[in-house]
Structure formats: C-alpha cells, structure tokens
Amino acid sequence: GLGDVYKRQDYFLWSSDDMVNWQDHGIIFGTQTHTSWAFGAYAPDLFERNGKYYLIFPNVTSGIGILEADHPEGPYVDIKGSAVISKQNTQNADVEWLFDPGVLVDDDNAVYVTFGGGGPGEARIVKLTDDLQGPDGPAVTVDAPNFFEASYIHKRNGVYYFTYSKDYTGGAPTIEYCLLYTSPSPRDLSTSR
C-alpha cells in the first residue's frame, strides 16, 4: 500500500515576504510529537479562520486530523486527539484513499473539506461542524470524470469550482475542474464539466 512507500512524519515551513529571501521555520508538525494517534503525514492544507491558523493533514490514507495555532509557524495543538474525518465518524467516507484534504472557508465562515483518492467515484466533500470537531452531515460524492486525487474547492464570483488531478486515462495526469452548482452550499451539489 501507499503506507509502505511513503514514510513522511513531519512538516517543515518556510516563509518569505518577497518570494526571494526565505526564512526556515523548521518542523512545525510531527506525528510523533503533536499527536498521540497519527503515524504518517501526507499532503496537508493550511487555512485561517477567526484569527487562528489550522493545519489539516491526512494520517496516511486512513483519516484526517486538524491542528490549531495562533501563527502559521505554530506551535500547533491537535484540536481533537483523533481524526476529525474518518470512515468511522463520517457517513459516505468509504473512499479507497482517505487523504488529500483541501479546505474552503466560505463567506459565511463554514468550512468544507474535499478529500479522497484512488480513482473515479472516490471524490468527496464534507462540511465540518462550527467547532471543527467532526462532520456536519454526510460527505457528498462528486462525480468528477477520471478523478484520481488532490482535490480542492475554489469560489469565484459566487461559483464554486472543484479542481483535481485526473488519472492516467489518455496519458499523463492533468489538473481538471468541474463547476459545482450549489443550493445553498458546496455540500448540496450537482456537478457539470
């Protein structure tokens, strides 16, 4: 499995004011020092909400946790002590790879997380509770053609876009997108190319 190939356990952070000169902040998260439950760390996302910074990370392919800090460089604290999104606590999260979280903080401060991977039919979006402790309802399946991994939601001029890495159908993967027609949020959606 993927866990046998990738053994990443730490995240490092660099910052720049001018994209030329960089400051190394070192390790800002380690599975062995910042959690009691995670054993690996794949592709994360970082978001700001209500003056706090959140690092959302996949525990390899088996669940997604969230850490909180006052500054982007930390120090970070695990907000729950277990996965915020998992196959056990999130209805319709039965994806092959439960990883690659992408976050949208919407205009009303609601938090939506995209996740999933492994092939078509494996893309999901779930709204989190206001305290970010778990799902606020079931995850929604996104019908993204040739989906593989690395999904995100972007919002522009009131339209939600779902972007993702497609699979190897027709050659090398490319970044694809779907429009999400919502009423009233990304959780209640239908998709269109």
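Strand 3 and strand 4 (residues 52-58) run antiparallel, with five bridges joining them. This is a predicted model, so take what follows as a reading of that prediction. Besides this hairpin, the briefing looks at a four-strand sheet and at Ser165 in strand 12.

**The strand 3 and strand 4 hairpin**
- Arg49 has Lys52 of strand 4 as its bridge partner.
- Two residues sit between the strands of this hairpin, and Asn50 takes a positive phi near 55° there.
- Side chains in a regular strand take turns between the two faces of the sheet.
- Strand 3 (residues 45-49) shows that alternation: Asp45, Phe47 and Arg49 are buried and point to one face.
- Leu46 and Glu48 point to the other face and are not buried.

**The open four-strand sheet**
- Here the strand order is 7-8-9-10, the pairing is antiparallel, and the sheet is open.
- The edges are strand 7 (102-105) and strand 10 (140-141); each has a single partner strand, so one side of each lacks a neighbour in the sheet.
- Strand 10 is joined to strand 9 (residues 124-127) by two bridges, and the two run antiparallel.
- Across that pairing, Arg124 stands opposite Thr141 in strand 10.

**Ser165 in strand 12**
- Ser165 lies in strand 12, which covers residues 159-166.
- Its relative accessibility is 12%, under the 20% cut-off, so Ser165 counts as buried.
- Setting aside neighbours within four places in sequence, Ser165 is in contact with Asn146, Phe147, Phe148, Glu149 and Ala150, and also with Pro173, Thr174 and Ile175.

Methods: Residues are numbered from 1 along each chain as its sequence is written. This is a predicted model: local features need pLDDT of at least 70, side-chain atom pairs count only at pLDDT 80 or more; totals for chains, interfaces and linings use all residues. Side-chain values use heavy atoms; hydrogens and water are left out. Buried means under 20% relative accessible area, exposed over 50%, partly exposed in between (1.4 Å probe, protein chains only). Contact means heavy atoms within 4.5 Å. Two strands pair if DSSP finds at least two bridges between them.
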